[in-house]
Amino acid sequence: GLEGITPLVWVVIGLKALNGILIPATLKYAGNLIYLYAKPTSIVATALLGAAYTATLPSPAFALGAALVIGSMIAYSEKKQTAS
């Protein structure tokens, strides 16, 4: 049965279901490149929120990876604007 499932578990189930809807919609309407940047961006955002919540700093390796992701997004968006 469904007894023992807490409200927090239902939130996670809902988020996973929403994820299953948003990924195909992103690929259909925005394209593959947006999806490729959305996943690392969500990881970086989640890590930063977790670091703020726990009052800890991410490791230097994670900070470098996050900087590379953000830098590549900026470089791609600038290239795309100059091409228009």
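The following legends describe views of a predicted model.

**General notes.** Local features in this predicted model require pLDDT of at least 70 and side-chain atom pairs pLDDT 80 or more, whereas totals for chains, interfaces and linings use all residues. Residues are numbered from 1 along each chain as its sequence is written, and side-chain values use heavy atoms, without hydrogens and water.

**View 1. Overall fold of the protein, with three helices and zero strands.** The elements run α-α-α from the N terminus (DSSP runs: helices are H or I of at least four residues, strands E of at least two). The C-alpha atoms fill a box of roughly 55 × 35 × 15 Å along the principal axes. The radius of gyration, taken over C-alpha atoms, is 17 Å, against near 12 Å for a compact globule of 84 residues (2.2 Å times the number of residues to the power 0.38). Buried residues (under 20% relative accessible area, 1.4 Å probe, protein chains only; exposed is over 50%, partly exposed in between) make up 5% of the 84 residues.

**View 2. The loop between α2 (32–54) and α3 (60–83), where Ala 55 is found.** Ala 55 has a positive phi of about 60 degrees although it is not a glycine. Most residues other than glycine have a negative phi. Ala 55 is exposed, at a relative accessible area of 70%.

**View 3. Helix α1 (residues 7–29), in which Leu 8 lies.** With a relative accessibility of 62%, Leu 8 is exposed.
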